[in-house]
Amino acid sequence: MEYHFDCTICGKCCYGQVPLTIKDALTFADRFPLAITWTPVGADNKYFEHTTKLGSLVNLSKRKEIGLRITPTAYIPPSLPCPELAEDNRCNIQDKKPSRCRTMPFSPYREESVQAELLIPREGWECEISEEAPVVYRDKKIVDRQDFKLEYEELLQQTDMLRRYADWLLASAPELMRELNRTSKKKGGGQVIVSFLSLIPHLPDVDISDFAAKQLPIVEEFIKKTAGASVLKKHHKHYKEYAADLAKTVKQHV
Ligand code: SF4
Ligand code: SF4
């Protein structure tokens with residue numbers, strides 16, 4: 001079976017949050033407001049096994065084990081565009097954009113054999129999927145799989161480090177475990193948002209004050225962009241608390 005797909009540059013998929021590799025998150029620390037999203041994936045979920053391969057496995061209780069997707073993320077509300085989306089819907093950093101954007105519409109967060117549904121445009125997206133468009137997926141295999149392979153390998157390489165980070169944070173912040181438990185019970189799932197600063201001490205050769213100084217201006221921009229809109233309240237609160245921690249970090253290291 002063959003699937004066709006082409007991008008008409010409508011820009012619609014450049015709204016909302018973007019999962020990043022750690023490398024991309026650090027590279028774009030001056031461009032995206034970052035967070036770590038923790039997504040519980042139940043044992044009955046079809047992506048459970050793949051999630052535990054790239055993420056972690058956690059016992060919420062004696063009888064409940066969940067998979068955890070721990071993802072460095074450009075944390076942007078669904079209604080706001082990526083700061084790199086230009087007025088003509090092109091990407092300002094097209095030649096060096098994050099792996100996630102290069103691999104689109106495919107995603108290494110699921111097996112290569114189950115990518116077909118990602119080629120169905122979401123509501124409002126203007127992707128071309130007629131036979132006029134090139135064949136991009138054939139017999140459950142991606143035709144040009146280089147970007148998919150690179151992103152998958154990067155995710156795999158960072159897994160051990162993210163597991164150590166998760167074990168440490170879960171042991172030092174019991175509230176996080178309670179929140180994951182609550183989120184895992186929600187119909188339709190959900191995610192827990194954790195400050196990106198919690199990850200920095202676990203990354204070798206990252207200067208925390210340099211990182212905080214790069215993040216602060218873009219987070220302040222998003223505080224302004226989300227001010228006053230009740231639907232963006234959760235994001236606004238996160239940005240404000242995060243900005244205060246970033247400012248403290250910069251000050252401590254001056
Ligand atoms: S970096 Fe570029 S391609 Fe990626 S979401 Fe932003 S505008 Fe879109
Ligand atoms: S939604 Fe589809 S057509 Fe629009 S920019 Fe994204 S990939 Fe291209």
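1. Starting with Thr-103: this residue counts as buried, because 20 other C-beta atoms sit inside 10 Å and the cut-off for buried is 20 or more. Keep in mind while reading that this is a predicted model. Thr-103 belongs to helix H3, residues 99-103. Setting aside neighbours within four places in sequence, Thr-103 has contacts with Pro-108, Asp-147, Phe-148 and Glu-151. For a sense of distance, its C-alpha atom is 24 Å from that of Asn-45, and the two residues are 58 apart along the chain.

2. Just past that helix there is a peptide bond worth a look. Met-104 and Pro-105 are joined in cis, with omega at about 5°. Pro-105 is in the loop between H3 and S6.

3. Ala-166 is another buried residue to click on. It counts as buried because 21 other C-beta atoms lie within 10 Å. Helix H5, residues 159-172, contains Ala-166. What does Ala-166 touch, not counting residues up to four places away in sequence? The contacts are Ser-56, Leu-68 and Ile-70. The C-alpha atoms of Ala-166 and Ala-43 are 19 Å apart, with their positions 123 residues apart along the chain.

4. Those contacts lead to a strand pair. Ser-56 falls in strand S4, which covers residues 56-61, and S4 runs antiparallel to strand S5, residues 64-74, with five bridges joining the two. Asn-59 has Glu-65 in S5 as its bridge partner. The connection from S4 to S5 is a hairpin through two residues.

5. Now the open sheet. It has three strands in the order S1-S6-S7, and the pairing is antiparallel. S1 (2-4) and S7 (141-142) are the edge strands; each has a single partner strand, so one side of each is left without a neighbour in the sheet. Between S1 and S6 there are three bridges, and His-4 has Val-135 in S6 as its bridge partner. S6 (residues 135-138) and S7 are joined by two bridges, with Arg-138 opposite Lys-141 in S7.

6. The turn between S6 and S7 deserves a backbone check. These strands form a hairpin with two residues between them, and Asp-139 in the turn has a positive phi of about 50°. Lys-140 is in the loop between S6 and S7, and its phi is positive too, at about 65°, although Lys-140 is not a glycine. Is Lys-140 buried, exposed or partly exposed? Lys-140 counts as partly exposed, because its C-beta neighbours inside 10 Å number 13.

7. Asp-205 is one more non-glycine residue with a positive phi, near 65°. Its place is the loop between strand S8 (192-194) and H7. Asp-205 counts as exposed, because it has 5 C-beta neighbours inside 10 Å, and the limit for exposed is 12 or fewer.

8. Helix H7 comes next. Does its length agree or disagree with what its 19 residues should span? At 1.5 Å a residue, H7 (residues 208-226) should span 27 Å, and its end C-alpha atoms are 26 Å apart, so the two agree. There is a bend, though: about 30° at Leu-216, with a proline, Pro-217, following within four residues. Just after H7, Gly-228 has a positive phi of about 80°.

9. As for how H7 is packed, its buried residues are Phe-211, Ala-212, Gln-215, Leu-216, Val-219, Phe-222 and Thr-226. Leu-216, where the helix bends, is thus listed among the buried ones. The buried residues of H7 pack against strand S3 (34-42) and helix H8 (233-252).

10. Finally, the ligands. Which residues surround ligand 1? They are Cys-14, Val-18, Cys-82, Glu-84, Leu-85, Cys-91, Ile-93, Lys-97, Pro-98 and Cys-101. By class, the shell around ligand 1 has eight nonpolar residues, no polar ones and two charged. Ligand 2 has 13 residues around it, and Cys-7, Cys-10, Cys-13, Trp-125 and Cys-127 come nearest. The shell around ligand 2 divides into nine nonpolar, two polar and two charged residues. When reading these classes, remember that Cys counts as nonpolar here.

Technical notes:
Residues numbered from 1 in each chain as written. Chains lettered and ligands numbered in written order. Predicted model: local features only at pLDDT ≥ 70, side-chain atom pairs only at ≥ 80, totals over all residues. Near = placed C-beta within 6 Å. Expected span 1.5 Å × (residues − 1). Bend = angle between axes of the 7 residues up to and from the residue. Contact = placed C-beta atoms within 7 Å. Pairing = 2+ DSSP bridges.
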